[in-house]
Every structure is written in C-alpha cells, then in structure tokens.
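The following report describes a structural model for a reader who works with coordinates and geometric criteria. It treats strand pairing, a metal site, one helix, charged pairs and backbone geometry in turn.

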Amino acid sequence: MSRPALLAPSLISADFSRLGAEIDAVLAAGADMIHYDVMDNHYVPNLSIGPLVLSSLRRAGCRAEFDVHLMVEPVDDLVEEFARAGARTLIVHPAATRHLDRTLARIRALGCRAGLALNPADGLEALGYERDALDVVLVMTVNPGFAGQTFLPHVLPKIRALRRWIDDGVSPVRLEVDGGIDARTIVEARRAGAEAFVAGSAVFGQSDSAAALRALRRAVAEADGEGLAGAG
Ligand code: DX5
Ligand code: ZN
C-alpha cells in the first residue's frame with residue numbers, strides 16, 4: 001500500500017508582498033503543508049525569513065501546517081522561537097547542532113514533529129541511532145541555500161535505501177524530498193520511495209501556483225497508478 005503523497009509548496013519562491021494570499025491559493029488547491037525555508041547566510045549562503053513572519057501569519061488567522069526547514073547554525077535557540085511562533089514540524093541539519101539527540105528531543109518536547117535533513121553528500125549514517133527520535137527525514141535533492149536549482153539524480157539511491165531503513169523500523173517516519181521537484185522529478189522521487197515533496201519554483205515560481213500544484217498532484221497520482229499497475 002503506497003502512502004498518500006504530501007505536497008509542500010516552499011515559501012522561498014512566493015511573492016512576499018502578498019504571502020497570506022499566496023498561501024491561501026495553494027491551500028485551496030490542495031497543498032498539504034507549507035514548507036518554510038529559514039536561511040541564515042551562515043549555514044547557507046542566503047538569507048530568508050525568521051519566526052516573526054510565521055507569528056504574523058498565525059495572528060492573521062493562517063492555520064496552515066508549517067514544515068519549517070532550519071538551515072541555520074547554531075539552531076537550538078531558533079527551535080524554541082519557531083515552536084512558539086506556530087511551527088508544526090522543525091527540521092534541522094545535524095551539523096548545525098553539537099548535540100543532535102538533545103535538539104530532536106527538545107523539538108518533540110515543544111510539541112512539534114522532529115525532522116533531520118540529509119544534504120546530498122550525507123549518507124544514512126548521519127541518522128545514527130536517532131530512528132526513534134525522528135518523525136521526518138528530509139532528503140535534500142539539491143545543495144541547500146537556493147530555490148530553482150536542478151534536481152540531483154545521484155541522490156535517488158539514497159532515497160531508496162532510506163525507504164528500506166524506514167520500513168525496517170516500527171515508528172512512522174515521513175520520507176520527504178526537497179529541491180528541484182517538478183512534474184518530472186516528482187515521479188522519480190516517488191518511485192524511489194518518497195512520500196512528501198517540497199516544491200518552490202515549480203509552484204510559487206509559476207504564474208498560476210494553484211494550477212502548478214494540481215499538475216504536481218496529477219503527476220504523482222499517475223506514478224502511483226503506474227506503480228499499482230506494475231504491482232498487479
Ligand atoms: C533549498 C530549500 C528548498 C528549495 C526548494 O535550500 O531547502 O526548499 O528552496 O525550491 P525548489 O523547489 O525551487 O528547488
Ligand atoms: Zn527546504
């Protein structure tokens with residue numbers, strides 16, 4: 001049984017002069033989560049948004065599920081601030097904390113899902129003994145820092161290996177992919193075992209983000225259909 005595909009448009013490609021309307025449009029088109037890329041111009045060579053924007057979206061009545069990707073170092077203080085601001089999932093990079101197990105436990109203690117991001121050069125050994133401390137593994141299919149990059153196909157074997165690693169365990173862990181996801185690469189990632197898909201430029205970077213999201217939904221549904229056909 002294939003897991004439902006979750007689509008998470010990334011705000012990094014949205015029009016920041018009308019962020020609320022941008023989010024409303026993709027939620028109405030069926031987005032499952034909103035991916036919130038936090039970049040500090042230290043861990044990655046780019047600077048984006050902090051917890052204040054998330055707080056103001058919540059105050060304006062936004063009820064979206066925010067999948068917060070912390071490309072920041074150090075990360076522990078921002079974990080606290082984003083949890084208070086209304087994050088639902090907090091994803092950290094292992095290199096951004098000295099004590100990964102403590103950071104993941106703190107995220108869960110704050111009532112959020114705990115996620116770990118694997119950069120393209122990271123192997124599954126970066127997950128260490130954290131299998132039961134994790135709710136999400138975010139597999140970077142680009143090098144972190146920018147939207148609009150090209151999907152790295154050499155990450156596909158890692159996605160397949162991670163799918164097996166997750167399925168060999170007991171507690172559920174969401175396998176999420178991030179970077180260069182469009183109507184073509186979402187099929188490759190889905191076939192490799194991914195279940196959640198971040199897309200910035202392929203959704204908010206398009207003139208009609210709702211139609212672009214629906215196109216991704218059709219593409220992954222076709223991949224599932226083919227898969228079912230193949231499994232028959
Ligand atoms: C890159 C970010 C990704 C990226 C997604 O560091 O983590 O979320 O912005 O944008 P696209 O889908 O355009 O690669
Ligand atoms: Zn991201």
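Val177 in strand 7 stands opposite Phe197 in strand 8, and these two strands, of which strand 8 spans residues 196-199, pair in the parallel sense over three bridges. The chain crosses from strand 7 to strand 8 through helix 6 (residues 185-192), and this β-α-β crossover is right-handed; the term applies if, with the strands pointing away from the viewer, the path from the first strand over the helix to the second runs clockwise. Two strands are taken to pair if DSSP finds at least two bridges between them, while helices (H or I, at least four residues) and strands (E, at least two) are DSSP runs numbered from the N terminus.

The model is predicted, so that local features need pLDDT of at least 70 and side-chain atom pairs count only at pLDDT 80 or more, whereas totals for chains, interfaces and linings use all residues. Residues are numbered from 1 along each chain as its sequence is written, chains are lettered from A and ligands numbered from 1 in the order in which they are written, and side-chain values use heavy atoms, with hydrogens and water left out.

Strand 7 also pairs with strand 6, in the parallel sense and over five bridges, with Met140 standing opposite Asp178 of strand 7. The connection from strand 6 to strand 7 runs through helix 5, and this β-α-β crossover is right-handed as well. Strand 7 (residues 174-178) is mostly covered, since five of its five residues are buried, where buried means under 20% relative accessible area, exposed over 50%, and partly exposed in between (1.4 Å probe, protein chains only). In a regular strand the side chains alternate between the two faces of the sheet. In strand 7, Arg174, Glu176 and Asp178 point one way and Leu175 and Val177 the other way.

Asp178 is also one of the protein donors of the zinc ion (ligand 2), together with His35 (NE2), Asp37 (OD) and His69 (ND1), and these lie 2.1 to 2.3 Å from the ion. Donors are N, O and S atoms within 2.8 Å of the metal (3.2 Å for Na, K and Ca), and water is not among the atoms, so sites may look incomplete. Along the chain the donors follow the spacing H-x1-D-x31-H-x108-D. Asp37 lies in strand 2 and His69 in strand 3, so the pair ties together parts that are 32 residues apart in sequence, and both Asp37 and His69 are buried. The site of the zinc ion (ligand 2) is octahedral, with angles of 73 to 176° among its six donor atoms; six donors count as octahedral if opposite donors are over 155 degrees apart and all others between 65 and 115.

In helix 4, Leu100, Thr103, Leu104 and Ile107 are buried. They cover an arc of only 95° around the axis, which puts them on the same side of helix 4, the arc being that of the directions from the helix axis to the C-beta atoms. The face turned away from this buried side carries the exposed residues Arg102 and Ala109.

A salt bridge is a side-chain nitrogen of Lys or Arg within 4 Å of a carboxyl oxygen of Asp or Glu, and by this rule the count comes to 12. Three of these pairs are listed here.

| Salt bridge | Closest N to O distance |
|---|---|
| Glu65 and Arg113 | 2.5 Å |
| Arg108 and Asp135 | 2.9 Å |
| Asp167 and Arg163 | 3.0 Å |

Glu65 lies in the loop between helix 2 (51-59) and strand 3 (66-71) and Arg113 in strand 5 (residues 113-118), so their salt bridge ties together parts that are 48 residues apart in sequence. Glu65 is partly exposed at 24% relative accessible area, and Arg113 is partly exposed at 26%. Arg108 in helix 4 (residues 100-109) and Asp135 in the loop between strand 5 and strand 6 (136-140) are 27 residues apart, and Arg108 is partly exposed at 33%. Asp167 and Arg163 both lie in helix 5 (residues 156-167), four residues apart, about one turn of the helix. Salt bridges that share partners join Arg3, Arg163, Asp167 and Glu195 into one network.

Most residues other than glycine have a negative phi, and most peptide bonds are trans. The peptide bond from Glu73 to Pro74 is cis, with omega near -5°, and Pro74 is found in the loop between strand 3 and helix 3 (76-85). Asn41 has a positive phi, near 55°, and lies in the loop between strand 2 (34-39) and helix 2.

How values were computed: Four donors count as tetrahedral if all angles lie between 85 and 135 degrees; four count as square planar and six as octahedral if opposite donors are over 155 degrees apart and all others between 65 and 115; anything else is irregular.
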